Amino acid sequence: MRIALLSYRSKAHVGGQGVYVRYLSRELVALGHDVEVFSGQPYPELDPGVVLTKVPSLDLYREPDPFRVPKLREFRDLIDVQEFLTMSLGGFPEPRTFARRMTRLLSRRIDDFDVVHDNQTLGSGILDIEKLGLPLVTTIHHPITIDRRIDLQAAPTRRRRFGVRRWYGFVAMQSRVARKLTLIITPSDSSSRDVVTEFGIDPARLRAIPLGVDERFVPPTDQSRVPGRILAMASADAPLKGIATLLEAFAKLRTERDIHLVLVTTLKPGGVTATLIDQLGIGDDVHFVSGLSDDELVTWMGSAELACVPSLYEGFSLPTAELMACATPLVVSRAGAIPEVVGPDGLAADVVEPGDVGELEQALARLLDDPDRRAAMGAAGRQRVLDLFSWRAVADKVVDVYTEAMHRPSPSHHHPGETTSADR
C-alpha cells in the first residue's frame, strides 16, 4: 500500500503530532507498506525506510524568534502572503495554508498513492484531496474547541480573551471540515465522544484506535530513582495542561518535605508559569529540561520517584502511557482519556479531580510516603502498557481503516486539469 501521511507540524520527541507520525510511519513500513510523510516545520524525526517530503511554510513560530517578520525574498506565493497576514492579525494560519499547499502538491501526484492520511490538519483544502479521487483518512486527536474553551476561561482580561478568539479562528474551519470527512480515527473512546459532541459528527464515521508506546520506554536498570523527584511533561504556559495546579500543590508539599519538581518543557520568561513560580517562591526547587533525545527522555522519566499528569483535558495522553512503561508511579487527573489510559482499577495511578489543588497535594503526599505502593503501582502500569499499547497493533488497525477507505466510493472524481479551491 502506498501511503501519504500528512502533518502540518511534527515536532520531534515532545509533541503528540510528531510522535504519532514517527512511530506510526515506522510500523507501517515494517508491515511492508510504502510511506511518504509530508510535513511543515518543525519537521519530524523519522526512522529508516520512511520518506520525508518537506512542505515548507514561512516558519513564523520558530525559536528563538516566534512571530517573526519574514524578509520579502522569503515570500514564494499567495499562500505565504495569507500565512503572514493571518499571523499579523493574531490568528494561527498553519492548518489552512498547509492544506492548500498539500492539495496543490498532491494534484500533481494522484497516481503515486493509494490512500492519504491527514494528521489533524483539518484545513479546507483537505476536502479537495478526496475530490481528486484519493481515499482519505483523518486522525483527530481531540477537538481543539476544548483547548479554546479552557484558554478563554483562563484569560484574565477582555483584551486577552479577544486575542484567544483570534488565535483560535481556525477552529470554525476545522469543525466544518470534520463534519464532511468520511473516516476519522481517534485515539480513545473519550476523544470519540468529544468529537461527536463538539463537531456534530456521525459516530458511525469514527474508529477509535489507542496510541502505542515505543519499546525504548523501559524502567531504569543501572540507576536508582532520585528521592523526592516529581516529574511532569507539559507545555508550561498552556492552561490545558494544568501546570498551575501542580505548582500550587508542590509549593504546599515543599514546606514540609525535601522534594523538587522537574518539568519537561521550556520555561517562557515572563510567562504565566514563570510568574507563578516567583509568586510561590519555589524557583530553587523547580527545574526545566527541554530539547531531549528519546533516550534522554526515558532517563528522566525513570529517574523520578513519581510523576504527575495534571491536565484539564487529554485526547489520549501519550506521556501518561510512556511514564507507565518506565514503571514510574503516577498521580493523574480525571480528565478526557486519562482514566482510559491508566485503567479503572486504580492499580496503575491515583486519579484526582482536575484543577483541585488540595486533592492533588494529598495524593502526592500519600504516594511519597508509601514506597511499597509506588513499586506496585509502577509494576502494574508497565504491565498495562505491555498488554495494551503497541505501535505495531496501532499500525495493523490503521491499515484496516485505510482498506475500508479504499473500498468506499469516492465522493467525486476531480479531473487533474480542473482547478481546486486550493489553487484559487
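**Exercise 1. The strands around β2**

Six bridges join strand β1 (residues 2-7) to β2, the two strands running parallel. Working from this predicted model, describe how β2 pairs with β3, and state how much of β2 is covered.

*Solution.* Begin with the β1 side, where the pairing with β2 is parallel and rests on six bridges; within it, I3 stands opposite V35 of β2. Turn next to β3, which pairs with β2 in the parallel sense over four bridges, with T53 of β3 as the bridge partner of F38. Finally, consider accessibility: five of the six residues of β2 are buried, and the strand is therefore described as mostly covered. As background for reading such a sheet, the side chains of a regular strand alternate between its two faces.

**Exercise 2. The surroundings of T186**

Determine whether T186 is buried or exposed, and list the polar partners of its side chain.

*Solution.* The first step is to place the residue: T186 belongs to strand β6, which covers residues 184-186. The second step is accessibility, and because T186 has 0% relative accessibility, it counts as buried. The third step is to look for polar partners, of which one is the side chain of S192, joined to that of T186 by a polar contact of 2.5 Å. In addition, a polar atom of the T186 side chain lies 3.3 Å from the backbone oxygen of S188. The last step widens the view to contacts in general: leaving aside residues up to four places away in sequence, T186 touches I140, S191, S192, V195, R207, A208 and I209.

**Exercise 3. Salt bridges between separate elements**

The structure holds 30 salt bridges. For R22 with E45, D80 with R101 and E83 with R101, work out which parts of the chain each pair ties together.

*Solution.* Take R22 and E45 to begin with, whose side chains meet in a salt bridge with an N to O distance of 2.6 Å. R22 lies in helix α1 (residues 16-30) and E45 in the loop between β2 (34-39) and β3 (51-54), so this pair ties together parts that are 23 residues apart in sequence. R22 counts as buried because its relative accessibility is 9%, whereas E45, at 32%, counts as partly exposed.

Continue with D80 and R101, whose side chains form a salt bridge of 2.7 Å, N to O. Since D80 lies in helix α2 (residues 78-88) and R101 in helix α3 (residues 94-106), the pair ties together parts that are 21 residues apart in sequence. Both D80 and R101 are buried.

R101 also forms a salt bridge with E83, the closest N and O atoms being 3.1 Å apart. E83 lies in helix α2 and R101 in helix α3, so here the parts tied together are 18 residues apart in sequence; E83 is buried, as is R101. To complete the picture, salt bridges that share partners join R22, R26, E27, E45, D47, D214, E215, R216, D294, D295 and R392 into one network.

**Exercise 4. A nonpolar patch on the surface**

Which residues form a nonpolar patch on the surface together with L78, and is L78 buried or exposed?

*Solution.* The patch consists of L78, V81 and L85, which together have about 290 Å² of accessible area. L78 itself lies in helix α2 and, because its relative accessible area is 68%, it is exposed. A general point helps in reading these positions: an α-helix has 3.6 residues a turn, so residues three or four places apart point the same way.

**Exercise 5. Covered helix faces**

Identify the buried residues of helices α5 and α11, say what packs against them, and then characterise L318 in α12.

*Solution.* In helix α5 (residues 144-154), the buried residues are I144, T145, I146, D147, I150, D151 and L152, and these pack against α6 (158-167), α7 (170-180) and α8 (189-199). In helix α11 (residues 294-303), D294, L297, V298, M301, G302 and S303 are buried, under a cover that includes α1, β8 (226-233), β9 (260-264), β11 (304-309) and α12 (318-325).

The last of these elements, α12, contains L318, which counts as buried because its relative accessibility is 8%. Not counting residues up to four places away in sequence, L318 touches V19, L211, G212, V213 and W391. By contrast, L318 and G200, 118 residues apart in sequence, are 26 Å apart in space from C-alpha to C-alpha.

Note on methods
Residues are numbered from 1 along each chain as its sequence is written. This is a predicted model: local features need pLDDT of at least 70, side-chain atom pairs count only at pLDDT 80 or more; totals for chains, interfaces and linings use all residues. Side-chain values use heavy atoms; hydrogens and water are left out. Buried means under 20% relative accessible area, exposed over 50%, partly exposed in between (1.4 Å probe, protein chains only). A polar contact is a pair of N or O atoms within 3.5 Å; within protein, one must be able to donate a hydrogen and the other to accept it, and residues adjacent in sequence count only if both atoms are side-chain atoms. Contact means heavy atoms within 4.5 Å. A salt bridge is a side-chain nitrogen of Lys or Arg within 4 Å of a carboxyl oxygen of Asp or Glu. Patches are made of residues with over 30% relative accessible area and no salt bridge: like charges are joined within 9 Å, nonpolar side chains (Val, Leu, Ile, Met, Phe, Trp, Tyr) within 5 Å. Accessible areas come from the Shrake-Rupley method with a 1.4 Å probe; for residues, only the protein chains shown count as cover. Two strands pair if DSSP finds at least two bridges between them.
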